Amino acid sequence: MLHDLAFSIPEKFATGLLDGSIVRYGTLLKDAGSGQILAHIQETGLAHQLLSKVGLHSLTPWGAVATVADMASSGYANVQLHQLKGMVEAMQVLQYANISLAAAGLGVSAVGFAVINRRLKGLKTDIEQLTARMEKQFEALHETHWREHFSRIQVYVDRADRAFQLAEPKSEWLMIEAKLNEESSYLAHTLQDHLDSHHFDVEWFKQLTSSLLLCDSVRMKCLVHADELKVARSTASAVGMGYTELFDSISATRLADKMTRCSTDINQDERALFRKHQQAAQLISNHLQEVTDAAISKPLLIEHLIDHKVSGSRYLEQIAAHDQHPVILLTT
Amino acid sequence: MRRAIRTWRERWSDKIARDLEASTPELRRVLIAEVDALKPFDALRAKHFAAKTLQPLFADWCKKKEEELFTAAESDLQNQFKCTLAYRSTKGEIDIDLKKDVLLNLAGAALSGAATVATIPAIVVFSTASAGGILGLLGVGATVLVTKNIVIGLVALIVLAVLTQKRFAMGMSKTKARLREEIEQQIQERIVYSKKQPSLTVLLIERIEETAKKLLGELDNAA
């Protein structure tokens, strides 16, 4: 399938990205002079495998910023180390600060439904623990029944995985997408409520954001698997607009202020604490901007697939099975 | 365009925080110079001195800083817009039904209007005088029990002050020290950061962020 599409590797554009003649916006590489799209960035199955091996929280935008030095000291086998170094270098060429993005939103997700469900299970456990800790401050959480929503999301993702065994899986995937759209909307509203409240818990916010991204990622996969690329394109646009609305208005200063006010650390000077929180809030804001930019540029990737009359399901199979490069570029 | 607005927001949030913190020594110097020149009569009325001399200087400095930073931020935003719009025009890429003037006017109007620091003089209260007051100047600590008779008569206090000139000098020195401490605390809390109330840094950055939010909203509405 990928043989029908022209694809390249990030290193090919390294010089242009370095001298500024090529700019990256979200998952697009554009000619700085003409504004023409040169390539679409797409993660592959290898990216997820590598991030899992190094122990980073893949499938979320919050993974640590890994360096080649970190990996060299991790004692991995030569082949793995070589691949990991290649991945870090590719992400550096593409000017991403966070390599976890390579398996959390670059193009259409290359990860299987079962893996996504395992990650969701982990997130549910994390959120459960965090909520228990926060219950006094966030009593409203009791009323939001987030556990039921999470259980439903997991059931739908599980059904999406089992749909492969159906004779006619398309209608099942379309039904799951519609259901997950409702759950995604619930998660987005819960996040917005949290951002609007006087309290702010960084970890809780991160886990819930990761859940939202996974939920939307599954929705896109369902539509692409069902070969409904036109619907996938309009859904991707709606998701991009939703992220813009939710994340673009995040004020790092207000977030840092809320974090400082909620802090129970009485030993540290409040100005020093605020500065520390400013840095953390800025990092959150930057990560979310990367995620938003990637979401905004996703409809153009799908349009590229439509223009080239590519089968969605075959495309997903191919990028999942790609084991040469963690990140590839679909050139126009 | 969206990226240009976000970049502007990041740049100015960072610049405002750095600039204000870096400028505080200048404000400190001005206020401390006034305290060093404190006259005995003013020392007797330290609260009045703080309200009439220190507070206006503090407020003027805040206002000047707001104007200086917002003028530069506004000009930078307009330049960003002009560059981005010019670029998009030459490439025939204006895909949003939005007149150039709308964004440029928004960029211009966004930071003007009601001054943020208008709220600053109201919240800046130098409370030094209440810490010791006249008795403090005379060397009588706040913890010392004072009879009603002593407190009642100002004349009696003045007589007492004359009689205890040495203690008065010590009191002056203590008042000045307290004012210096208060100035430092006020600068940190009102300019840099405080949990108690929004500092100038937070207020100005919030204005930048609000402006960016409005502009991004305009882009969404026009899309």
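Me: Which residue of β3(A) stands opposite I22(A)?
Reply: In this predicted model, strand β2 (residues 22-25) of chain A pairs with strand β3 (residues 28-31) of chain A in the antiparallel sense, over four bridges. Within this pairing, Y25(A) faces L28(A) of β3(A). The partner standing opposite I22(A) is D31(A).

Me: Which residue in the turn between β2(A) and β3(A) has a positive phi?
Reply: The strands β2(A) and β3(A) form a hairpin, and two residues lie between them. One residue in this turn has a positive phi of about 60°, namely G26(A).

Me: Which strands are at the edges of the open sheet of chain A?
Reply: Strands of a sheet pair through backbone hydrogen bonds, in a parallel or an antiparallel manner. Here five strands form an open sheet with antiparallel pairing, in the order β1-β5-β4-β3-β2 of chain A. An edge strand pairs on one side only, and this holds for β1 (7-8) and β2 of chain A.

Me: How many helices are there in chain A?
Reply: Chain A has 332 residues, of which 46% are buried. Among its contacts with a separation of 6 or more, 77% are between residues 24 or more positions apart. Alongside five strands, the number of helices in chain A is 13.

Me: Which strand gives the most to the side of domain 1 of chain A that touches domain 2 of chain A?
Reply: Chain A is divided into domain 1 (2-105 + 323-331) and domain 2 (113-305). Their contact takes 18 residues from domain 1 and 19 residues from domain 2. By class, the domain 1 side has 11 nonpolar, seven polar and no charged residues. With three residues, the element that gives the most to this side is strand β4 (residues 37-43) of chain A.

Me: Which helix gives the largest share of the largest nonpolar core?
Reply: The largest nonpolar core has 72 residues, and those touching the most other members are M87(A), M91(A), V157(A), A160(A) and V218(A). Helix residues 202-225 of chain A supply 11 residues, the largest share of this core. The core also draws at least three residues from each of domain 1 and domain 2 of chain A. The helix asked for is α9 of chain A.

Me: Which residues does A160(A) touch, not counting residues up to four places away in sequence?
Reply: A160(A) belongs to the largest nonpolar core and is one of the residues that touch the most other members. Beyond residues up to four places away in sequence, the residues it touches are F113(A), W173(A), I176(A), V218(A) and C222(A).

Me: How many residues are in the second, separate core?
Reply: The members of this second core include M1(B), A17(B), L44(B) and L179(B). The core is separate, and its number of residues is 45.

Me: Why does F247(A) count as buried?
Reply: F247(A) lies in helix α10 (residues 229-247) of chain A. Leaving aside neighbours within four places in sequence, F247(A) is in contact with L288(A), Q289(A) and T292(A). A residue is buried if 20 or more other C-beta atoms lie within 10 Å of its own. F247(A) counts as buried because the number of its C-beta neighbours inside 10 Å is 20.

Me: How far apart in space are F247(A) and E128(A), C-alpha to C-alpha?
Reply: In sequence, F247(A) and E128(A) are 119 residues apart. In space, their C-alpha to C-alpha distance is 24 Å.

Me: Which element gives the largest share of the side of chain A that touches chain B?
Reply: The contact between the chains takes 16 residues from chain A and 16 residues from chain B. On the chain A side, the elements giving two or more residues are α11 (252-262) and α12 (270-307) of chain A. By class, this side has three nonpolar, seven polar and six charged residues. The largest share is six residues, and the element giving it is α11(A).

Me: In which helix of chain B is confidence lowest?
Reply: The model scores ipTM 0.72 and pTM 0.79, while chain B averages a pLDDT of 73, with 61% of the residues scoring at least 70. Over residues 128-151 of chain B the pLDDT is below 50, although this stretch has 43 contacts in the model beyond near neighbours in sequence. Confidence in chain B is highest in helix α1 (residues 2-36), at 91, and lowest, at a mean of 39, in helix α6 (residues 128-137) of chain B.

Methods:
Residues numbered from 1 in each chain as written. Chains lettered and ligands numbered in written order. Predicted model: local features only at pLDDT ≥ 70, side-chain atom pairs only at ≥ 80, totals over all residues. Buried ≥ 20, exposed ≤ 12 C-beta atoms within 10 Å, placed from the backbone. Contact = placed C-beta atoms within 7 Å. Nonpolar A, V, L, I, M, F, W, Y, C, P; charged D, E, K, R; others polar. Core = buried A, V, L, I, M, F, W, Y, C linked by C-beta atoms within 7 Å. Domains from an automatic or database assignment. Pairing = 2+ DSSP bridges. pLDDT = per-residue confidence, 0-100.
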